Amino acid sequence: MMPTQHASDQTSLRGLFALPDDMLYLDSAAHGPPLKTVRAAATAALQQSTTSWFGGARWRDDVERVRALASQLFDHDADAIAMIPSAAYGLSIAARNIPLQAQQSVLVLEGQFPSNLLPWRQRCAEVGANLVFARRNDDQDWTAAVLDALDAHPGINVLALPQAHWRDGSLLDLARISDRARARGASLVLDLSQSLGAMPVDLEAWRPDFVVAVGYKWLLGGYGLAWLWAASQWRDHGQPLEQGWMAHDRDALWQVGSNGDVMPLAGARRYDAGGVCDALRLSMAETALKQVLDWGIADIAVQLQRRTAALDHALQMHGLGSLRTHNHAHHICGVQLPPQRTDAVARALSDAGIITTIRNDCVRIAPHLHAGIDEMSRPIEIIAKAL
Ligand SMILES: Cc1ncc(COP(=O)(O)O)c(C=O)c1O
């Protein structure tokens, strides 16, 4: 690890990231900016795993060490954590296990990321349940839209939601939503891929059944190792998607033969996927998690908020305040473009070496700690000129 640097230490933080000097990377919602330490860990792990095998006993320790680190993002209970390859994998576990009957409904947001939509669509089709989409009016935020949908559809039994919408960072008040959902006995499943690592988690207030997040965005790790947190009622029972040997008591497996009873590993480990705990993914995740936890999520959130506040200010200064996402998260800000200007804005940003994602005519700007607060006016100047 590099020496500890405070999340507010702007000048030196940039040096921790492996990004070209002539690029302004504002696309952390697509992929977190690469930490030099994570890149070095990946290189070392690749070298090690292609030149030697370091033995099963140590590998188990490595897996459990990284699991324990990930648990610090939630409730510090490693038994709650499963290691999975993708958000869709974890959400498919939730969709398979949560009780759902014909005529009941699952609530999602309009335009929700497909990983938290397709597993529910399939489950609804299997049991004859319905998908309900929360839709926002112009003067509404997502929380109001979700609460309205709950009122309008008494059959909603599962809410499958994010904390911040992936396209523009618009926020949901999960505590309020959870209170209403729980009062009517509905389950809550959260995809925090666009917030875990950048916004604090409040499990006590949200009381979710399952929480899922990828490791490669705001957790600054690599592809292919994501996290599933399971509430206590889902740790002692629940069907995994696959019957993998790594998720079972391996000592017993080798001894009992093909007909013996072999127990799943303790807690949410029963959902562990095969093949995700290779040295490369483990070492990238371990290095990245240590850095994120060392900075502290509350501090990261405060520092990212300074950046998006600077974006909001620049939009106001250019008379574009009405284009920005209302009630956006501290780490993601959207700028809604007139459709006929989208291509021109995309070209102008790209020509200037500014990396963002544009979806549905919305420029998504998602800085991380490498980006200086004073740089936040640049994308807005370019957008303003290209409009
Ligand atoms: C909200 C959200 N969920 C999940 C993902 C990725 O899902 P998966 O790991 O299933 O590819 C993304 C990627 O952009 C996302 O924005």
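A residue counts as near a molecule if one of its heavy atoms lies within 4 Å of it. The model used here is predicted.

**Exercise 1. List the residues that surround the ligand, then sort them by class.**

Solution.
- Step 1: Go round the ligand. Its surroundings include Ser-86, Ala-87, Ala-88, Phe-113, Ser-115 and Trp-166. Asp-191, Ser-193, Gln-194, Val-214, Tyr-216 and Lys-217 complete the list.
- Step 2: Sort the shell. It holds 6 nonpolar, 4 polar and 2 charged residues.

**Exercise 2. Find polar atoms of Ala-88, Ser-115 and Gln-194 that make contacts with the ligand, and say how much of the ligand the protein buries.**

Solution.
- Step 1: Apply the cut-off. A polar contact needs N or O atoms within 3.5 Å.
- Step 2: Check the backbone. A polar backbone atom of Ala-88 is 2.9 Å from a ligand oxygen.
- Step 3: Check the side chains. Ser-115 places a polar side-chain atom 2.7 Å from an oxygen of the ligand. For Gln-194, the corresponding distance is 3.0 Å.
- Step 4: Turn to area. The ligand taken alone exposes 400 Å², and the protein buries 84% of that.
- Step 5: Place the ligand. The space it takes is the second largest pocket.

**Exercise 3. Classify the ring pair of Trp-245 and Trp-254.**

Solution.
- Step 1: Search the whole structure. It has 7 aromatic pairs.
- Step 2: Read the geometry. The ring centres of Trp-245 and Trp-254 are 5.9 Å apart, with planes at 45 degrees.
- Step 3: Classify. Stacked means under 30 degrees and edge-to-face over 60, so the Trp-245 and Trp-254 pair is tilted.
- Step 4: Check exposure. Trp-245 is partly exposed, at 43% relative accessibility. Trp-254 is exposed, at 59%.

Definitions and conventions. Residues numbered from 1 in each chain as written. Predicted model: local features only at pLDDT ≥ 70, side-chain atom pairs only at ≥ 80, totals over all residues. Heavy atoms only, no water. Polar contact = N/O pair within 3.5 Å; in protein donor to acceptor, adjacent residues only side chain to side chain. Areas by Shrake-Rupley, 256 points an atom, 1.4 Å probe, with all protein chains shown as cover. 1 Å grid on protein atoms, 1.4 Å probe; cavity = no way out; pocket = protein on both sides within 12 Å on 5 of 7 lines; lining within 4 Å. Sits in = over half its atoms within 2 Å of the grid points. Nonpolar A, V, L, I, M, F, W, Y, C, P; charged D, E, K, R; others polar. Phe/Tyr/Trp six-rings, centres within 6.5 Å; stacked < 30°, edge-to-face > 60°. Buried < 20%, exposed > 50% of the residue type's maximum accessible area, 1.4 Å probe, protein only.
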